[in-house]
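Me: Could you take a close look at the aromatic side chains of chain A and how they sit among the helices? I would like the cut-offs spelled out as you go.

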Amino acid sequence: MTVFAVMTAGLFPIIHIGRQWFFYWLLPYPNARFLWPNFKSPLIWDVFAISTYLTVSTTFLCVGLVPDIAAARDKMRGWRHKVYSFFSLGWKGTDNQWRHYTRAYLYLAALATPLVLSVHSVVSWDFAMSIIPGWHGTIFAPYFVAGAIYSGVGMVLTILIPLRKALKIEHMITDYHFDNLAKLTLLTGSILFYAYAMEYFIAWYSGNPFEQETFWRRAFGPMWWAGWTMIICNAFVSQLFWFRKIRTNLTALFVISIFVNIGMWFERYVIIVSSLSNDYDPYAWGQMTPTWADWGILLGSFGWFSMWFLLFARTFPVVAIQELKEMIPMPRLRREATDGQTRPRRPGNLRAHRRGL
Amino acid sequence: MAKPVPGVLAIFEHIDAACDAIKSLRAQGKRNFTVYSAAPNHELEEALGVTNSPVRLFTLIGGMTGCLAGVGMTFWMSLDWPLLVGGKPIATIPPYVVFMFELMVLIGALSTVAGLVLLSLTKRTTGLAYDPSFSDDRIGIFVPAVGGTGSEIERIVRDAGAVEVRNAA
């Protein structure tokens with residue numbers, strides 16, 4: 001999901017730079033005028049952050065898929081066998097392969113995790129490094145990281161609940177997982193709640209009339225509906241997850257996850273549109289009305305993401321097979337030598353394993 | 001296709017049986033056998049006496065190279081054509097930390113994958129007998145053997161509890 005979302009996100013700067021055919025001007029490459037990019041510009045930080053994020057996430061996904069593609073290869077016949085054989089890169093699950101694989105995968109995970117914090121911080125600095133009212137805040141980096149996890153979990157819930165039913169994998173993705181996803185939503189939703197409150201506080205406390213006007217307009221101006229949709233969907237709806245019954249009710253989770261998606265879409269809309277339409281020069285104030293091209297780009301981005309995601313779900317295992325197998329205890333011929341019994345034990349199911357049974 | 005290696009392929013259903021077979025083979029002085037499994041397993045690693053993979057060195061060296069590349073690229077490029085923007089210093093650390101970090105992660109991750117590929121190639125896997133059930137739920141042990149040693153290996157793996165033993169090529 002990350003990879004396809006970043007592929008979608010990467011399209012937007014390209015769409016908006018105007019002269020798409022010069023996008024490579026953003027990269028530091030030796031050119032005829034011996035000019036280099038301005039490394040103090042957040043736009044260049046973003047180029048590096050997003051391209052690193054895309055490359056490392058794709059690498060992590062592909063490395064994780066290799067043993068699973070090999071498992072699929074061994075079940076396939078005919079031309080499918082040939083295709084999966086090619087993509088399994090000769091994986092056989094030998095002791096030497098696992099020895100290096102487990103370590104390499106661990107280090108990739110360790111490298112990719114702080115990357116989540118960095119990419120969203122850098123995106124937030126695209127806004128915060130400017131002096132536009134409503135954007136110029138030091139709270140932006142943690143605020144965007146929390147928002148990204150919040151909307152990411154929301155999207156996971158929206159996709160996972162129907163997918164789990166369609167693929168009949170209810171025994172693999174259990175209430176335990178949904179409960180924990182809901183708790184993560186509650187945590188990040190509460191951080192957002194704090195961040196929204198703090199933004200209003202900073203606007204009031206700063207004494208800056210432009211900053212105050214921007215936030216006043218977000219709540220009571222012409223865009224009040226967008227401002228309140230954002231606050232209600234993100235800060236208030238997530239608070240429902242204090243109740244265990246709601247956290248484990250899939251219908252409630254699905255409905256709330258839709259609110260999370262709507263809320264987070266409006267958060268970006270409010271941040272970008274409200275600040276840009278009302279900045280320092282009242283003569284230039286105005287209202288933004290989306291054109292058919294804007295709606296087209298939005299719909300196209302939904303289609304682009306869905307196409308990649310569905311193609312992936314159709315072609316590759318949606319649950320990491322080898323990670324699941326690693327968790328399941330393997331059958332034994334004899335019990336441990338200490339009790340001297342020889343009764344074979346059945347492999348425990350995943351839930352029993354998790355409970356420590 | 002690579003030329004098949006002659007030897008004995010033992011298939012196990014139980015983890016403890018496979019570990020016993022590995023220990024017995026090691027006790028007999030056999031070292032060059034191959035163990036197949038669908039997922040990594042600590043008991044198998046223990047029986048095989050697996051040590052830490054050197055792939056971590058690739059990660060460390062790649063990460064440090066990336067970080068230094070970030071320092072070098074930003075400072076050199078800024079000073080190569082000094083452009084004064086907004087009265088800010090020409091070359092300065094705080095905004096360049098982003099590049100140092102991103103390049104550290106990028107080159108660290110790519111060199112980890114390169115290390116994984118290179119180290120996996122150090123031991124041959126082609127030509128060794130394999131069974132598709134090894135990516136499912138079985139554990140396999142392939143011991144290269146020529147002539148009379150095959151029967152002894154067969155006895156060791158059968159005693160340990162192999163569910164199937166095959167003679168490969």
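Reply: Happy to help; here is a walk from the overall fold of chain A to its rings and cysteines.

This is a predicted model, in which local features need pLDDT of at least 70, side-chain atom pairs count only at pLDDT 80 or more, and totals for chains, interfaces and linings use all residues. Residues are numbered from 1 along each chain as its sequence is written, chains are lettered from A and ligands numbered from 1 in the order in which they are written, and side-chain values use heavy atoms, with hydrogens and water left out.

Chain A has 13 helices and zero strands, where helices (H or I, at least four residues) and strands (E, at least two) are DSSP runs numbered from the N terminus. Its C-alpha atoms fill a box of roughly 85 × 60 × 40 Å along the principal axes. Of its 357 residues, 43% count as buried; that means under 20% relative accessible area, with exposed over 50% and partly exposed in between (1.4 Å probe, protein chains only).

Now to the rings. Over all chains there are 44 aromatic pairs; rings of Phe, Tyr and Trp (its six-membered ring) pair if their centres lie within 6.5 Å, and planes under 30 degrees apart count as stacked, over 60 as edge-to-face and the rest as tilted. F23(A) and Y24(A) are edge-to-face because their planes stand at 85 degrees, with ring centres 6.2 Å apart. Both sit in the middle accessibility class: F23(A) is partly exposed at 40%, and Y24(A) is partly exposed at 34%. The rings of W265(A) and F266(A) have centres 5.3 Å apart and planes at 85 degrees, so this pair is edge-to-face too. Here W265(A) is partly exposed at 35%, whereas F266(A) is buried at 16%.

Helix α10(A) spans residues 250-277, and its axis comes within 8 Å of that of α5(A), residues 140-166, crossing at roughly 140 degrees; axes are lines fitted to C-alpha atoms, for helices over the stretch in contact, and angles run from 0 to 180 degrees between N-to-C directions. The two helices are therefore oblique to each other, the class left once under 35 degrees is roughly parallel, over 145 roughly antiparallel and 65 to 115 roughly perpendicular.

Elsewhere, F127(A), W135(A), F140(A), Y143(A), F144(A) and Y196(A) form one aromatic cluster. R218(A) lies over the face of F215(A), 4.6 Å from the ring centre; the criterion is NZ of Lys or CZ of Arg within 6 Å of the centre and within 35 degrees of the ring normal.
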